Amino acid sequence: GGVPTALTALHTHDAHHGHANGVEVAALTGDISAPADVRFELTAQKQSVTLTSGAIVEAWTYNGELAPQLRVKQGEMVEVRLVNKDIEKGVTIHWHGYNVPNAMDGVPGMTQNIVRPGEDFTYKFRADQAGTYWFHSHQQASEQVGKGLFGSLLVDPLRETEETDSELVVIQHTWRTSQGQLKAFGNEDQKQFKQVEPGNKIKLRIINTDHQSQKYRLQGTDYRITSIDGMQILEPEPLENQTSFRIASGGRYDVTFTMPDHPVQLLTGGSSGAGGPSILFHTGIPPEHSELGEESREFDLAEYGKPLANDLTSAAAFDREFTMIMGNRLGFYNGQLRFLWTINGKVHPYTPMFAVKEGDKVKTTFVNRSLAEHPIHLHGHHMTVLKKNGREVKAPWQTDTLNVLPGESYEVAFLADNPGMWMDHCHNLDHAATGMILHLMYD
Ligand code: C2O
Ligand code: CU
C-alpha cells in the first residue's frame, strides 16, 4: 500500500565540503543569508500505508512515507520547502531539539503562520548540531504527530569519533490502524530480522515519537548509550545484557553494540519492554524462537557517563531561577469541566513565563506532583540536568526533552543564547493540547 515517493535532495553543491569548515556554533541564532548547501522538499499529504502485518494506517505524512529521513552533514546550510497538499487544518514543521533561529521553529501563531492546503513555507537553518533529531508538525500536534506527520533529521558530524559498521534508524510510533493501535518501528510492526557479521559495530538511532515514554531493552549483548537527544555522552560505560532504558516522548538515544556470535534482540512494548515490535540481529541462521529473559535493571541516566563540565554545571550564581510544579486539578478548559494538567496550578495562558535576557544563565526546578509523567520539552535550547531528586547527577547531561516521573524533581539549567519567543511544554501532546504549556521570552 502507499506510494512512497523518494525524498529528493533537489540540489547539492559540494555538500560534504562546502561551508562546513570553520563554522562556529555562534552562527546558530544568526545569519541564514548564505546560500543553501542542501535542499529538500516535504509535501504534507494524506496517504494510506500498510504495515508489515497487513494493518492499514490512514496516515498523514510528509511525502507519502512513514517517517522520511533528512540526512545532512554538520555545518551545511539546509533549506526545506514544506508544501501542504491536503491537510485541511494546515501544517508546519518543528525541528525537535534543533536550536534553529526563532523564525524557523515551526510554531503556528507564534513563529509563523499555518501553512494551509496549497500553500508553502521554506525553512532554512545551519545544521550546527551533529546527531539524531526529528521533526514534526506543530499544528494540532497531538492529532498530526499521532497520524504520522514526522520524520528523522540526521546530522553527520564533521569528524566521526566512533567507528560504526552499520546503523539503523528505529523510529518508533504507535499507529491507529484498521486493526486497532499497533506499535511499530517505521512500518514494521512485527519482528524484523537483520543479518550482521560477528564483530561488527552496530549503531541504533532510536527515536520515540509517541506521547508517552517507552521502554526498550537489548537482549544478548552488553551495549552503550552513546548519545541522548543528539548530545554525545562522554565515555559511556557498557550496560549489561537485559538492561532496559526509557526514552521520553520526543527523545532520542543512540545505542551501540558489537555483534557477538549469537543473536541479539531489541525489544519494546509494554512497561517491561516486550510485546511490541522487535529487531532480531543474527549472524546467519535466525533462531526459530527467542525467549524473553529477565530484565536486569532499568538504566538511570543520573548515574551514567563522565561528568561534563560547562559554564552551567559550574555556575556559582544563576541570573534567573524558576520553580515549575506540575500537578493536577479539576477545572474548566475551553468551557469544559475536565481533569487538568497544571504548572504552578495553572493552565495556558495563565501559566508562568520564563522571562530572560540574552546571555542569562537560567536555572529551573521541575517538580512533578501529579499522577502522570511529563516529558518537558524546551524549544530552541538544550537543558543541562544538574540534580535529580535533590541529589547531584553523576554526569550532567544535556537534553531537550526531560521525562519527569510522578514524584520526581529535577534541577536543570540552560543558557539563554537563542533570542525569540519559545515554547516549553509537556510532550505528552494531549497534555499540551489542554494547556500544559509555558513560554520562554527574551526582553
Ligand atoms: Cu516535539 Cu513543541 O514539540
Ligand atoms: Cu504532561
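**Strand pairing, domains and the setting of Thr-401**

Strand 2 (residues 38–50) pairs with strand 3 in the antiparallel sense, and seven bridges hold the register. This comes from a predicted model. One of the pairs puts Val-49 opposite Val-57, its bridge partner in strand 3. The two strands make a hairpin with five residues between them, and Gly-54, sitting in that turn, has a positive phi of about 100 degrees. Strand 3 (residues 56–62) is largely enclosed by the rest of the structure, because five of its seven residues are buried.

Zooming out, the domain assignment splits the protein into domain 1 (9–156), domain 2 (166–299) and domain 3 (320–442). The centres of domain 1 and domain 3, taken over C-alpha atoms, are 25 Å apart. Their contact draws on 11 residues from domain 1 and 16 residues from domain 3. On the domain 1 side, the residues touching domain 3 break down into five nonpolar, five polar and one charged.

The UniProt record, an unreviewed entry, carries the annotation "domain: Plastocyanin-like" for residues 45–157 and 338–441. In the model, residues 45–157 come out as 6% helix and 43% strand, with 31 Å between the end C-alpha atoms. For residues 338–441 the figures are 5% helix and 53% strand, and the end C-alpha atoms lie 29 Å apart.

Next comes an open sheet of six strands. Its order reads 11-10-13-18-15-16, and the pairing is mixed. Strand 11 (180–185) and strand 16 (231–232) are the edge strands, each pairing on one side only. Within the sheet, strand 10 (residues 166–177) and strand 13 (residues 201–208) run parallel and are joined by seven bridges. Here Val-169 has Arg-205 in strand 13 as its bridge partner.

That leaves Thr-401, which is placed in strand 29 (residues 401–404). Is Thr-401 buried or exposed? The cut-off for a buried residue is 20 or more other C-beta atoms within 10 Å. Thr-401 has 23 such atoms within 10 Å, so Thr-401 counts as buried. Leaving aside residues up to four places away in sequence, Thr-401 touches Asp-229, Ala-248, Ser-249, Gly-250 and Gly-251, along with Pro-375, Ile-376, His-377 and His-427. As for Lys-203, that residue is 198 residues from Thr-401 in sequence, and the C-alpha to C-alpha separation is 21 Å.

Key. Residues numbered from 1 in each chain as written. Chains lettered and ligands numbered in written order. Predicted model: local features only at pLDDT ≥ 70, side-chain atom pairs only at ≥ 80, totals over all residues. Helix = DSSP H or I, 4+ residues; strand = E, 2+ residues; numbered from the N terminus. Buried ≥ 20, exposed ≤ 12 C-beta atoms within 10 Å, placed from the backbone. Contact = placed C-beta atoms within 7 Å. Domains from an automatic or database assignment. Nonpolar A, V, L, I, M, F, W, Y, C, P; charged D, E, K, R; others polar. Pairing = 2+ DSSP bridges. UniProt positions renumbered as here; feature names shortened; annotations may be inferred.
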